[in-house]
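Me: I should like to understand how the terms used for a protein model are justified. Please take the structure below as the example.

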Amino acid sequence: RTPMASSAVPSPLQEERLKYAPKLPDALKGKGRKSALKTIKPKGGLDPAIRKLFPQTQGQEEVRFQAGKGALRTEPMKVGVVLSGGQAPGGHNVVCGLHDALRDLNPKNKLIGFLGGPQGLIDNRSLEITSALAESYRNTGGFDMIGSGRTKLETPEQFEACARTLKALGVSALVVVGGDDSNTNAAVLAEYFAASGMGLQVLGCPKTIDGDLKTEAIEASFGFDTATKTYSELIGNVERDCLSAKKYWHFIKLMGRSASHIALECALQTRPNVALISEEVAARKQTLGGIADEIAAVVASRAAEGRNYGVVLVPEGLVEFIPEIKALIGEVNELVAKEAAVFNSLQGSAARVDFVQARLSALSKMAFQGLPREIQAQLLDERDPHGNVQVSRIESEKLLMGLVGERIEALRKAGRTKAKFSPIGHFFGYEGRCAFPSNFDADYCHALGYNAGFLAAAGLTGVMSAISGLTRPAKEWECGGVPITRMMNVERRHGADKPVIRKALVELEGRPFKAFAKAREGWAKADAYRFPGAIQYWGPASVCDAVTETLRLERGRK
């Protein structure tokens, strides 16, 4: 295809952001000629099941770049890059950082971008990332430079097609930019290439606004900073509207497929009256009715003080953490996987609801029948690429609005409250995935890409680009790579056991959650709202370069 500029008529902000020069860590300066690799002995052993599945790439050590004798390849090479999965702010800077590193190592190096995600790699659809193309996308949001996709690489036929594409183009290393599933693809592909003796490298880069791709070595996935700041601005605006109108309860569902990191970070930024954390719901074994009871109690309590308004944050994946609903979803997933041919042949929601309902266990059937008909349909109508329930399609905010409304009405009839409950539902998700990256994400993503170029030049494979020390100034960040296999375990997917990168859920003993838990009772009673405002790109570093509350608290920074 013919490359196009990221905007036919750039806005004034875009024109200024194109000029921004991301801050490069000292560890990556010197164009690779002063970089040596230091190995770091990993903590803990590897899952035996993963060790068995990845005999060629397991057992590697974490590496870090440091000053010393150059150990990077300087002969000309071609590197490929593919954006995989959902968008996240800063993706273009990863590509630009990779481009910059390759050109700094050797001006004859070339970067090839595969179009439309992994399927573009399979089908050999690509373009060269030239300097001119890179310049037109620096510090912009989105993945539109080369596009993305959700094709899962898992069959020998797909692996062979990828190998043919890379060999035909003369590409020796591939960088996969994605989340847990995408980097699982990278690990599986790296293992296949290594076992086949093809000499092709595969590297990963941690992307997801959900914030659930992190370990001790991967302090944050890129895009989380920008997305949560974008959502927090919107939540703060809604809170200000609450104080102005004084008559609505806003139920805001926030993107985050499994973990509640986004909801927790936004709560720390904005101080809503109620913020549900899925991991706590699971730990407390809360029922759907119990959650509604607790929210209704807050509504009634605030009404007694003359406050018939408020804000409730709901994580996207909440329903999967409610014990009876989680069991139901697991049973439905297994049933649909086992009866796929019959299930997929059924026409309409009603037929699917009846088919599933007749085959559920007694407890799951009871939970299923307790859901509104539209929620039942949402559980069944669309599946993700792994055959599982599309949790993001379930309108959990509306489900809770209805349940809380029923409880308030019952309390009113019993003469126990005079609350006026007027709920409004919102879903903040896509609004944050393609925003102009914050200064932090612009710097972090460029460093991740630049670092990935160094990892390619070092001849490594099956390793994820890792930048740490993120609460310090960017020049002090530590750069290197962590073996992807060390982040993996075996999970049940589509009715079968599959190796996947372990999702990092909210830790209830962690500092971010404890800070939230300590303050939330006061937030429920008072109008303690906080208004973060829009992301700032120029001004005091305390504002423009600020990290998330999550990262600050996790790393013990004041």
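**Surface, fold and one helix**

Reply: The protein exposes about 22700 Å², of which carbon and sulfur atoms supply 52%; such areas come from the Shrake-Rupley method with a 1.4 Å probe, and for residues only the protein chains shown count as cover. This is a predicted model, in which local features need pLDDT of at least 70, side-chain atom pairs count only at pLDDT 80 or more, and totals for chains, interfaces and linings use all residues. Residues are numbered from 1 along each chain as its sequence is written, and side-chain values use heavy atoms, with hydrogens and water left out.

Me: What makes the protein as compact as a globular protein of that length?

Reply: Its secondary structure comes to 21 helices and 15 strands (DSSP runs numbered from the N terminus: helices are H or I of at least four residues, strands E of at least two). The radius of gyration, taken over C-alpha atoms, is set against a globule rule of 2.2 Å times the number of residues to the power 0.38. For 558 residues the rule gives 24 Å, and the protein has 24 Å, so the description holds.

Me: Why is helix α16 called largely enclosed?

Reply: Buried means under 20% relative accessible area, exposed over 50%, and partly exposed in between (1.4 Å probe, protein chains only). In α16 (residues 373–380), 6 of the 8 residues are buried, so the rest of the structure largely encloses this helix. Among the buried residues are Ile375, Leu379 and Leu380.

Me: What covers the buried residues of α16?

Reply: The cover includes α12 (323–338), α15 (362–369) and α17 (396–413).

Notes: Contact = heavy atoms within 4.5 Å.
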